[in-house]
Protein chains: 2
Amino acid sequence: MTYQPPVRDHVFILKDVLDIEKYSNLPGFSDAPWEVIEQILDQGAKFTSEVLAPLNGVGDKVGCKWSPDFTVATPPGFKGAYKTMVENGWLGLSSDPKYGGQGLPRILSLSYSEMSTAANMAFSMYPGLTHGAAEAIHAGASDELKDLYLPKMVPGEWGGTMNLTEPQCGTDLGLLRTKAVPNGDGSYKITGQKIWISGGEHDLTDNIVHLVLARIEGAPEGVKGISLFIVPKFLPDADGNPGERNNLQCVGLEEKMGIHGNATCVMQYEDAKGWLIGEPNSGLKIMFVMMNEARVGVGLQGLGQADAAYQAAAQFAKERLQMRSLTGVKNPDGPADPIIVHPDVRRMLLDTKAFVEGARCFLFWTALRGDLSRLEPDDAEREKAGDYMALLTPVVKGFLTDKGFKACVDAMQVHGGSGFTEHFPVSQYLRDARITMIYEGTNGIQALDLIGRKLPAKNGRGIMTFLSELESFANENDGEGELKPFVDALRTSKDQLQDAAMWLMQNGLQNPDHAAAASVDFMHLFGYSALAYMWALMAKVSIARIAEGETDPLYQNKLITGRYYIERLLPDAASHLAKLKTGADTMMSMPVDAF
Amino acid sequence: MTYQPPVRDHVFILKDVLDIEKYSNLPGFSDAPWEVIEQILDQGAKFTSEVLAPLNGVGDKVGCKWSPDFTVATPPGFKGAYKTMVENGWLGLSSDPKYGGQGLPRILSLSYSEMSTAANMAFSMYPGLTHGAAEAIHAGASDELKDLYLPKMVPGEWGGTMNLTEPQCGTDLGLLRTKAVPNGDGSYKITGQKIWISGGEHDLTDNIVHLVLARIEGAPEGVKGISLFIVPKFLPDADGNPGERNNLQCVGLEEKMGIHGNATCVMQYEDAKGWLIGEPNSGLKIMFVMMNEARVGVGLQGLGQADAAYQAAAQFAKERLQMRSLTGVKNPDGPADPIIVHPDVRRMLLDTKAFVEGARCFLFWTALRGDLSRLEPDDAEREKAGDYMALLTPVVKGFLTDKGFKACVDAMQVHGGSGFTEHFPVSQYLRDARITMIYEGTNGIQALDLIGRKLPAKNGRGIMTFLSELESFANENDGEGELKPFVDALRTSKDQLQDAAMWLMQNGLQNPDHAAAASVDFMHLFGYSALAYMWALMAKVSIARIAEGETDPLYQNKLITGRYYIERLLPDAASHLAKLKTGADTMMSMPVDAF
C-alpha cells in the first residue's frame, strides 16, 4: 500500500472544525460549495495516490540527469505525470482567473498540495515553485509582463524558479553579486552564478521563467540595492511562444541527500536578457511576498512527509510479527503478535499521529487566516487575519518541518533494520524531509523572523490577540466534562507562551543576543501552544458531534489522540520555556577557538 | 580539515577525571603506565586521522560491490588501510595475550575505537565485528576451537561476523529457522538464510569466521532451542590455514541509507560445516555476552559520529561569513561575520559539545566499571562494578545513539543548504549514524532491557547504589562556590531518576504495559542524570586544577560547557519524567485500525 491521502481528516478540519461553508459569502469561497470541495479532495486524492505516489521511489533512485549539452532529464514518468497534472488544472486552483486560474481560496489548493507533496515531494516542487514565481510576478510586475508570462505559468505550461542563492550568500542576500546592466530598451543584461536553483532546468515544460535577484550597476550595497528580474530560458516571441534562446545555462546539478527527483541546479547567466519586476532596488520586498507563501508550503512539506512516513510505519507495525504482547497473546494463530501491540511502538506512532493531526489543523487554520486577510470585508477582522498570518507563518514553517523530520526518524525506528534499507520507503521520506528544515530560510531564520519582526510588529498586536483568543476559549469552555483536560492544557500553554513572550520583551531589548538565543525554543513553544489550541478546538467539536449521535469512530479517536498530545507531546513546552529563559550569557562566553 | 581525534579530551578524562593511574596495581593496567597510554592515544590519532578518515567519503560514494561470483569488493583504499591496521596491532589491544592480544584494559581499546569509528564508521565495523566474534569464541568455545581460530582472529588476520537475523526474525530470535544437523563427527550441517550480516563477505581477509545462530534438529521451539556455531568461509586445514571452501555464500548486498562502505550481506548456508560453541541450546546466552560489549561499541559509534559531525559544523561556522552579529560587527575586515557569532548557531554547536563531552566521560566511566568488574580483587567493589556495567550498558547504547544522531542533524543545520549536499561530509555522518539507533537491539529494546532486566536485577541493587552514589557526591560537595550549580543540578537529577524508578516499580508490576510505555523516556531520563553526574565530576576536577594554577583553557571551558549542559540540555529530563508518568492507558486505548 502506498500513501493514502487523508481525505477524511481534511473533511473533518474543513467542515467540522473550520466550518468553511460559513464563508460562502466571500469571493472565491462562493465558487466552492461543499460539492466542489469534495470533488477537489476526491479527485486530488485519486491523482496524487495513483499517479504521483508510484513515481516517488523511482524519482529517488534514478534522480535527475544532467548532460553536457546543459539539458536535464527528469526521472522516468515525471514528464507524463506533469502533463496530466497540467491538463487536469491542478496548478491554478487558487490563482487569478484573469490569467487562467480558478480563483478558489488558497486553503483548498493547500488541501491538494498536502496530498501532492506527501505523495511525491520532489515532483511537487516543480509546480510549487512555478506557482510561487507566478505569484511574485502577479504581485509585482507590470501588466505587460503579467500578460506575457502568467497565462503560460498559471496553468503550468511554463515552469518557474526563484534564483536567490550565490556561493557566497544564502541567508545574507546583501552579499549578492549577480549584476544587471540596462540595455536601454527597458531590458537588462544579467550576469552571475546562482546555486541551489530548484527546477532550474528540466524537460517538463517548453520554457522556464527564472526570477533572479541581481544588483543594477551603481545600486547601493547590501540588501537595499537588490532588484528582481524575469529572465526566461526562451524569450517569448510576438505570439507569446518560446522564441530566441536566452544566454543562461544549467552548468551542473548538486548531489544531495534527498529530493533526487528534483533538479537542484547551478545556473550561469552571461548577459542574459531580463526584465525588471517592480521598482529598482525593491527586489527583496517582492521576493518576500512570495517567500511568505512559500514558507507555508514548506511547512506543508514537513507535514506531508510526516504523514506519508507515519502511514508506512503504521502499516509495517500492523503486519510485522515479532514477540508477544506483555499482557498476553493477541494473535494466537500467528507465530508472534504484530508489533503494534507493543507500547513503545504505539508511542512512536502516536507521537506522529498527534503531531500530524494537530499540525494539519494548525496549517489549515492559518491558511484560512491568509484567505481572510485578503477577502474579509470587515476591516478589523481582515487585519486580525493578516496579523495572524504574518505571525504564524514562521511557526508553521519551523515547527512543522522540525517535527515533520522527527516523525520520519521515528517512522524509520518503527521499521527497525528494514527502515534503514532502501527497500522500504521510509529512508526516502527521512532524506527528503531533511531539506525542509533548511530551505526557504533555515528554521533558525524563521525563529529570528518570529521574534525580531513578527512578535514586535504593531506593538505586539498579533501575539496579544492570539493570547486573548486562547484565554477566551479556555474561559468560555470551563467545566468538568471531557473537554476539561484540553482546556486545562490550553490554559497552561497560553501562560507559558505569554511568559516566554514577556521574557523576550524584557530581555531581548536589553541584549539582542538573549532574544536570538531564545528564538528557536520560543518558536517551538509557540508551536506546542498553537497545537494545544487546535486540539482543544478539535476535541470540542468531536464531543459535540458524539453528543449529536455521530457514530463515526473518527470523533472518539480524535479525543484519544488529543489526550495523547497533552500527555506525551505538550510536556516539551515547559522544557523549551526553561531553556529559553537561561539567555545567551553562557553560550556567548565560550571562546571561539574552544569550539 | 578532516576529523581530528580528541586526544586532549581523552587525556582529561583518563587522567583528571578517572585518575586511571590509581589502578596500576591491577592486571592489564599494570602494563599501561601513562607513557604507554599517551603512545596509544597519539599513534591511534595519527592512524585514524591520516589513514581512515580520508577513506570515509570514498567508502560512502563508491560503497561495496557484489559480483555474481559471490565476491564483494570493498571501496578503494580499504584493503590497504586494513592491512596497515592489522600490522600495527590495533585489533588486539585488549584481547587475551594467549592468543596474540596485548591484554590492556578495555577502556584503552575504547579510546582507540572512538577515534576509529569517528574517522570511518563503515570501515571500523569490520574489525569491530571481528573483535566481537573473537570475544564470543573466547567466552564460550572449547580450547580446541579457540586455539584454531583466535590466533588468526585476534590480530584481524581473519574476519568475524555475527549471524542472528533472518527475514522473519530480528528482535524476536525465538522465531529463527536456520537448522543444524549433526554430522556425527562433532560437526554440524548448517542450512538457512541470514540477512543484514555486516562484513559477511569482503576482500579484506583470507578467511571470514561466521558465528551463526541455528536450531539443532529436535531442539525446543523458541529461544530455548537456539545454539551458536562457528561456520568458517574456508575450513582451516591441518596447519590452521584456510583450506576447503565451505558451502556458504553472500547472495546479495542490502542497499542502505548509510554505512555504504560496510558490506551488509544476505548469507545463504547450504549444509555448511559448522562447530558448536558451548552447550547445545545455549547460543543466546553466549551471543548476549558479546552483544553487551557490542552495545557499548554502538554507543561509541553514536558518540563518534556526533563528534565528527560537530567538528565539521564548528569549522564551517568559523569560516562561513553571513550577516553581522546582533551586538555589533565582529569581523570588520570581512564582508560579514563568521556565523559562529550568532547565538542560535552557538546553541546548536553547544548542544552537541555539551552532549559529546558528557557522553564521552559517561562511556569511559562505564567502560572502566567493565574493566573493574573483571579485575578488581575486592569482591564488593568488583560486584558493584559489574552491577553498574550491566545497568548502564543499555543507557550508553540508547541514549548516546539517539543523541548522537540528533547531533548530526544539528550539524547539518549549522551548514545550512551546504549540509544537504554531498560535497560536505555531514550528510554521510547523519546517514551513517542513523543505523546506530537500530542495530544491536533497537533503542526501544535497550529501554526494555533496562527496565525489564537491569533495573530489577538483584532487587534493584544497581540502581540503588547508583542513586546513593549521586546523593553522596552531592552531599559531600555542598557549598556556595563554582561547583554549586553542578551539585544542585545533580541533586535534582537524582530525585527525578529516583522518582521515575519508583513510579516504574509501583506501576510496572501492576501492568507491564505501563513500564513498557515509560521505557524509552526512562532511558533518556537516566542518560540525562548520568551526564549530570559526569559534568559534576568534570567540574569538580576542573575547579581543582584551576585552583592549583593550571592555565590550560580547557578547564575553564569545561565549566562553561558544563553550565550550558545544565541550562540547555538538562531541562529535557523533567519532560521525560512528566511523559513517562502518564502511563500506557491512552496509547493502548487507540483501536488498531485507527492507526
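**Exercise 1. Find out how many helices and strands chain A has, and how compact the chain is.**

Solution. Start with the secondary structure: chain A of this predicted model contains 19 helices and 11 strands. Next, take the radius of gyration, which is 24 Å. The globule rule gives 25 Å for 595 residues, and the two values are close, so chain A is as compact as a globular protein of that length. To get a feel for the dimensions, picture a box of roughly 75 × 60 × 60 Å along the principal axes, filled by the C-alpha atoms of chain A.

**Exercise 2. Work out what share of chain A is buried, and describe its surface and charges.**

Solution. First, burial: 65% of the 595 residues in chain A are buried. Then look at the contacts with a separation of 6 or more: 73% of them join residues 24 or more positions apart. Now turn to the outside. The accessible surface of chain A is about 20,300 Å², and carbon and sulfur atoms hold 52% of that. Finally, count the charges: there are 55 positive and 74 negative side chains, with the centres of the two sets 3 Å apart.

**Exercise 3. Name the residues with the most contacts inside the largest nonpolar core, then list the neighbours of the one in chain B.**

Solution. The largest nonpolar core has 353 residues. Inside this core, Phe466(A), Phe522(A) and Phe522(B) have the most contacts. Pick Phe522(B) and skip anything up to four places away in sequence; what's left includes Leu450(B), Ile451(B), Leu455(B) and Leu497(B). Also on the list are Ala500(B), Ala501(B), Leu504(B) and Leu580(B).

**Exercise 4. Decide whether Ala517(B) and Glu550(B) are buried or partly exposed, and see what each one touches.**

Solution. Take Ala517(B), which sits in helix H16 of chain B. Its relative accessible area is 0%, so Ala517(B) is buried. Beyond four places in sequence, Ala517(B) touches Pro343(A), Arg347(A) and Arg568(A) from chain A, plus Gly583(B), Ala584(B) and Met587(B). Ala584(B) is 67 residues away in sequence, yet its C-alpha is 5.4 Å from that of Ala517(B).

Now Glu550(B): look in the loop between helix H16 (512–547) and helix H17 (553–569) of chain B. With a relative accessible area of 38%, Glu550(B) is partly exposed. Leaving out neighbours within four places, its contacts are Arg545(B) and Tyr555(B). For a distance check, try Met437(B): 113 residues separate it from Glu550(B) along the chain, and the C-alpha atoms are 39 Å apart.

**Exercise 5. Place Ile286(B) and find its contacts.**

Solution. Ile286(B) belongs to helix H8 of chain B. Its 9% relative accessibility falls under the 20% cut-off, so Ile286(B) counts as buried. Setting aside neighbours within four places, you'll find Ile286(B) in contact with Ala136(B), Gly140(B), Leu228(B), Ile277(B) and Gly278(B). Ile137(B) is 149 residues away along the chain, with 8.6 Å between the C-alpha atoms.

**Exercise 6. Say where Glu440(A) and Met323(B), which have a positive phi, are found.**

Solution. Begin with the background: most residues other than glycine have a negative phi. Glu440(A) has a phi near 55 degrees, and its place is the loop between helix H12 (426–433) and helix H13 (443–454) of chain A. At 16% relative accessibility, Glu440(A) is buried.

For Met323(B), phi is near 65 degrees. Here the loop runs between helix H8 (283–319) and helix H9 (343–375) of chain B. Met323(B) is partly exposed, at 35% relative accessibility.

Methods. Residues are numbered from 1 along each chain as its sequence is written. Chains are lettered from A and ligands numbered from 1 in the order in which they are written. This is a predicted model: local features need pLDDT of at least 70, side-chain atom pairs count only at pLDDT 80 or more; totals for chains, interfaces and linings use all residues. Side-chain values use heavy atoms; hydrogens and water are left out. Helices (H or I, at least four residues) and strands (E, at least two) are DSSP runs, numbered from the N terminus. The radius of gyration is taken over C-alpha atoms; the globule rule is 2.2 Å times the number of residues to the power 0.38. Buried means under 20% relative accessible area, exposed over 50%, partly exposed in between (1.4 Å probe, protein chains only). Contact means heavy atoms within 4.5 Å. Accessible areas come from the Shrake-Rupley method with a 1.4 Å probe; for residues, only the protein chains shown count as cover. Lys and Arg count as positive and Asp and Glu as negative; His and the chain ends are not counted. The place of a charge is taken as NZ of Lys, CZ of Arg, CG of Asp or CD of Glu. A nonpolar core is a set of buried Ala, Val, Leu, Ile, Met, Phe, Trp, Tyr and Cys residues joined through side-chain atoms within 4.5 Å.
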